[in-house]
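Here are a few worked exercises to try with the viewer open. Have a go at each one before reading its solution.

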Amino acid sequence: MDEQRLIAAAQSGDLDAFNELVLAYQDRVYNLAYRILGDPAAAEDATQETFIAAYRHLSTFRGGSFLSWLMRIVANRCYDELRRHKRRPTVSWESFGEMDEEANPFLVNGHPTPEEAAQQVELARFLQAAIVALPPDQRIVLVLSDVEGMNYQEIAETVRIPVGTVKSRLARARARLRDLLQAQKELLPRAYRLEDED
Amino acid sequence: MLGKNRARERMDELLSAYIDGALSPREQARLEARLAQDAALRARLESLQRTVALVRGMPSVPAPRNFLLTPAMVRQTAPVARRLAPALTFATAISGLLCVILLVGNLIAAGPSRLGAAAPAPMAAYEETPQMLETGPTEAKKAPPASETALPEEGLLSRAATATEPPAPEMRAWSEGTPSPIEAAPFPPDMGGVGGGAAPGPPPGEPPEPGEEVLPTPTPEMTPSEMARVAIAEGTPPAITVAEPTPVPVPPEMPGGKPPLPPTSWLPVGGLALLTAVLAIFSLRAWRAR
């Protein structure tokens, strides 16, 4: 895929060229939206709105990584959504034990062996439930850092908070997640159980 | 307790930054020295590293469907107010301009003649009005009955009123307090003062014989009532009959002055100002929505 050519064509109004970019990045965009919002329907909405906004504001794209630009748009949309509606995830930490496996999106991901797949599904369900149990401010920083791999500076620019705040929020998010996993360690696959440090 | 929690949070922050390689060389050296001596801190670091590794290793969730855009999706659908903003602004400007033109036009038309010397003229006319009204009933008492009060029909009177445009000499005479011949034209009480005080009668003390009435020739010095009386007798529509009993406060002609201007109407100005204000509010809201 010649990304620069597609971007240039899309900037001149070629919707088909932009749709090629959509097909290339929609999984990444949706994944981030889902991790932050914890709700498949809301993640779909956020993903669609992100691509529409990206197309309309394509003239403001000044080069660099197009994916990073898209990620900033979707992260901002999700962050605004969380702040506006205090959205509660459909997968709550409390209901983790009773979650319907049919509704678990990780069931359709990857091609592991049956045993690996079962472990992966269980762990993924567990982690997702733990992530969405975090406060929104900590959740988005954790997802941008540990799911998307953004550095502190990129997160600060995306969420519009100081770098020092990114560091402290990320540390609290990780520590809280660790505490959650330790508290529910019997639900984790044995290979992934965290031992108490105390 | 609070200090212990704060110290724990501070340590988690250092460990988290250490995992990301975001500590300064000095901070990193100090932390590593402490980790080498503190087993609990090492266990804490390991559990945190494991947590981070779990999250980073989470499988990606694929999109449940394609998010391809259609032309309808990317069409800019501006709100109605936003689309109307230019039109609203233009309408505001036009109505504002009209308002200013009308206001200035009114002020110029009013000018010094209305604002200055000519201003008292209508007031003078109004001041005379009660006096004119009073003359009706007074004269009515003196008005002779019967034939003298046989006034022409209403339509005839109306036509006569419009036909006698220049009653200037008489009007001037009244305003100067000159006794009008009308005072000698008594009316029967049943005629009312205002409506029926038009027909002049013969001078008091000299009741005319029926059929022997001597009619004077209409002259500029005659009062409107006199002229009407002459006109009736001559078979022509009376000229002034209505002008007398209808004391409309028409400004008297100012000798040597300009003819008075029609009164300024503030209704259009006020209406336009209101329209401008309303349009301005809608324009502001529309532009704010952009």
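**Exercise 1: the interface.** How many residues of chain B are in contact with chain A, and how many residues of chain A do they touch?

Keep in mind that this is a predicted model. Start with the count: 31 residues of chain B are in contact with 43 of chain A. Next, look at where chain B's side comes from: α1 (2-20), α3 (39-56) and α4 (71-74) of chain B each supply at least two residues. The largest share belongs to α3(B), with 11 residues. Finally, sort chain B's side by class, and you get 20 nonpolar, 5 polar and 6 charged residues.

**Exercise 2: two helices across the interface.** Work out how α8 (residues 163-183) of chain A packs on α3(B).

First, take the geometry: the angle is about 95 degrees, and the axes are 9 Å apart. Angles of 65 to 115 degrees count as roughly perpendicular, so α8(A) is roughly perpendicular to α3(B). Then pick out the residues that make the contact. From α8(A) you have A:R174, A:A175, A:L177, A:R178 and A:L181, and from α3(B) there are B:S47, B:L48, B:T51 and B:V52. Sorted by class, that's 5 nonpolar, 2 polar and 2 charged residues.

**Exercise 3: the core.** Which residues of the largest nonpolar core touch the most other members?

Of its 63 residues, the ones to find are A:A33, A:V74, A:C78, A:L127, A:I140 and A:V141. Now ask which helix gives the most: that's α2 (residues 15-37) of chain A, with 11 residues. Then check the domains. Domain 1 (1-87) and domain 2 (91-198) of chain A both contribute, so the core lies between them. To zoom in, take A:V74: leaving aside neighbours within four places in sequence, A:V74 is in contact with A:V29, A:L32, A:A33, A:A46, A:T47 and A:T50.

**Exercise 4: a covered helix.** How many of the 12 residues of α6 (residues 136-147) of chain A are buried?

The count is 9, so to speak a mostly covered helix. Among the buried ones are A:I140 and A:V141, along with A:R139 and A:D146. Carry on just past the end of α6(A), and you meet A:G149, with a positive phi of about 75 degrees.

**Exercise 5: an odd phi.** Where does A:R160 lie, and is A:R160 buried or exposed?

Begin with the location: A:R160 sits in the loop between α7 (152-159) and α8 of chain A. With 9 other C-beta atoms within 10 Å, A:R160 is exposed. Its phi is near 65 degrees, a positive value in a residue other than glycine. For context, most residues other than glycine have a negative phi.

Conventions. Residues numbered from 1 in each chain as written. Chains lettered and ligands numbered in written order. Predicted model: local features only at pLDDT ≥ 70, side-chain atom pairs only at ≥ 80, totals over all residues. Core = buried A, V, L, I, M, F, W, Y, C linked by C-beta atoms within 7 Å. Buried ≥ 20, exposed ≤ 12 C-beta atoms within 10 Å, placed from the backbone. Helix = DSSP H or I, 4+ residues; strand = E, 2+ residues; numbered from the N terminus. Domains from an automatic or database assignment. Contact = placed C-beta atoms within 7 Å. Nonpolar A, V, L, I, M, F, W, Y, C, P; charged D, E, K, R; others polar. Axes fitted to C-alpha atoms, helices over the stretch in contact; angles between N-to-C directions. Parallel < 35°, antiparallel > 145°, perpendicular 65-115°, else oblique.
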